[in-house]
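Please look through the sequence and the model below before reading on. The paragraphs that follow begin with the whole chain and then turn to a few chosen places in it.

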Amino acid sequence: MSKQLVGFSVQNDIIKEFNDTVQRNYRSRKIREFLKGLDVDIIINPSNAKNVSICPIRLEHTEQEKINLIVINNAKRGFKINSSDVISYIMSQISSMPVRTRDTMQTTFTIDINMYKDLISLLKGDIINLTFEDFVLNDYKKPDIEYIKSYKSDESKAIPILIDKKVIQVLDKVKDDVINVTKKKIPRSSIIRDVIHQMIETLKNNDDEIIYLQEKILNDIVQLKSIGGGESVQELIEEIKNIISNERVN
């Protein structure tokens, strides 16, 4: 089912706390997962926030309908809220959840220098080991055995990294499975490289990369309106329409 971009006005301190708690590439997913388990009869207090920014999220139609139902059910009980209040509540609840306890150990692996540059660019400041751990625990479903066997690098970079021991256990289980299939000695670092390789491909095709840019543009538009008024925003919209029309003609 396709998702539609929806912008929500969320208090800046809620956004900051949420962003500090959840890695960027998992934020939309965390919100959707929490929404899925949310009771439609829950009572939510209106935020009445003024110091806000636009928080864009891609939602399926059924997810938007659930948010609207929560708003309607609150109105029936005399609580006047909007969809942004629901999203603000969800983000606050996620931020207040206990952080996963990490018992880390140091390890090092080598990676192609160009792959490393791609990874750093896609993470946009996110911490490598935390994003890596989230990917292993949530998205790394199947090792690419051919990639693991054929990996070669012209120029490598050694990466020291602190990894949760639970994640190490997952990696070593994958390593043992690959050894059983290939009948060859496979070091843990080969599995880590495969994880990084798959993670880069996933990040390149991730909606959150688009959402990151859309969020920046939306908040720039809000700032433009506060400085230049609604006419300046409308002028920009018309220019964007012209660009799109010209693209279609060409």
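**A walk through the chain**

The chain has 10 helices and four strands, and the model that shows them is a predicted one. Read from the N terminus on, these elements follow one another in the order β-α-α-β-α-α-β-α-α-α-β-α-α-α. Along its principal axes the C-alpha trace spans about 65 × 50 × 30 Å, and the accessible surface of the chain comes to about 15000 Å², of which 50% belongs to carbon and sulfur atoms. Of the 250 residues of the chain, 39% count as buried. If one takes the contacts in the chain with a separation of 6 or more, residues 24 or more positions apart account for 88% of them.

Helix 3 offers a place to begin looking in detail. How far apart should the ends of its 16 residues, 61–76, be? At 1.5 Å a residue the helix should span 22 Å, and since its end C-alpha atoms are 23 Å apart in the model, the expected span and the computed distance agree. The buried residues of this helix are Glu63, Gln64, Lys66, Ile67, Ile70, Val71, Asn73 and Asn74, and these residues pack against strand 1 (3–11), helix 2 (27–36), strand 2 (52–60) and helix 4 (83–96).

Just after helix 3, the chain reaches glycine 78, which takes a positive phi of about 90°. Asparagine 82 then lies in the loop between helix 3 and helix 4, where it is partly exposed because its relative accessible area is 41%, a value that falls between the limits of 20% for buried and 50% for exposed residues. The side chain of asparagine 82 reaches the backbone nitrogen of aspartate 85 at 3.0 Å. Looking back along the chain, the C-alpha atoms of asparagine 82 and isoleucine 72 are separated by 8.9 Å, with the two residues 10 apart in sequence.

The next stop is aspartate 112, which lies in strand 3 (residues 104–112). Which side chain of opposite charge is nearest to this aspartate? It is lysine 117, but that side chain is 8.7 Å away, and aspartate 112 is buried yet has no salt bridge. A salt bridge would need a side-chain nitrogen of Lys or Arg within 4 Å of a carboxyl oxygen. The side chain of aspartate 112 does have polar partners, however: it reaches the backbone nitrogen of asparagine 114 at 2.9 Å, and a polar contact of 3.0 Å joins it to the side chain of serine 153. Not counting residues up to four places away in sequence, aspartate 112 touches Tyr151, Ser153, Asp154, Glu155 and Ser156.

Salt bridges do occur elsewhere in the chain. Side chains of opposite charge can pair when their charged atoms come close. The structure holds eight salt bridges, and three of them can be followed here, each with a partner in helix 8, as the next sentences show. Aspartate 103 forms a salt bridge with lysine 165, the closest N and O atoms being 3.6 Å apart. Aspartate 103 lies in the loop between helix 4 and strand 3, whereas lysine 165 lies in helix 8, so this pair ties together parts that are 62 residues apart in sequence. Aspartate 103 counts as partly exposed because its relative accessibility is 44%, and lysine 165, at 36%, also counts as partly exposed.

Another salt bridge joins aspartate 172 and arginine 188, with the closest N and O atoms 2.9 Å apart. This pair links distant parts of the chain, aspartate 172 in helix 8 and arginine 188 in helix 9, which are 16 residues apart. Arginine 188 counts as partly exposed, its relative accessibility being 23%.

In the salt bridge between lysine 173 and aspartate 177, the closest N and O atoms are 2.9 Å apart. Both of these residues lie in helix 8, four residues apart, which is about one turn of the helix. Lysine 173 is partly exposed at 47% relative accessibility, and aspartate 177 is partly exposed at 34%.

The walk ends in the loop between helix 8 (165–182) and helix 9 (188–204), where lysine 183 has its place. Is lysine 183 buried or exposed? Lysine 183 counts as exposed because its relative accessibility is 68%. Its phi is near 60°, a positive value in a residue other than glycine.

Definitions and conventions:
Residues numbered from 1 in each chain as written. Predicted model: local features only at pLDDT ≥ 70, side-chain atom pairs only at ≥ 80, totals over all residues. Heavy atoms only, no water. Helix = DSSP H or I, 4+ residues; strand = E, 2+ residues; numbered from the N terminus. Expected span 1.5 Å × (residues − 1). Buried < 20%, exposed > 50% of the residue type's maximum accessible area, 1.4 Å probe, protein only. Contact = heavy atoms within 4.5 Å. Lys, Arg positive; Asp, Glu negative; His and termini not counted. Polar contact = N/O pair within 3.5 Å; in protein donor to acceptor, adjacent residues only side chain to side chain. Areas by Shrake-Rupley, 256 points an atom, 1.4 Å probe, with all protein chains shown as cover.
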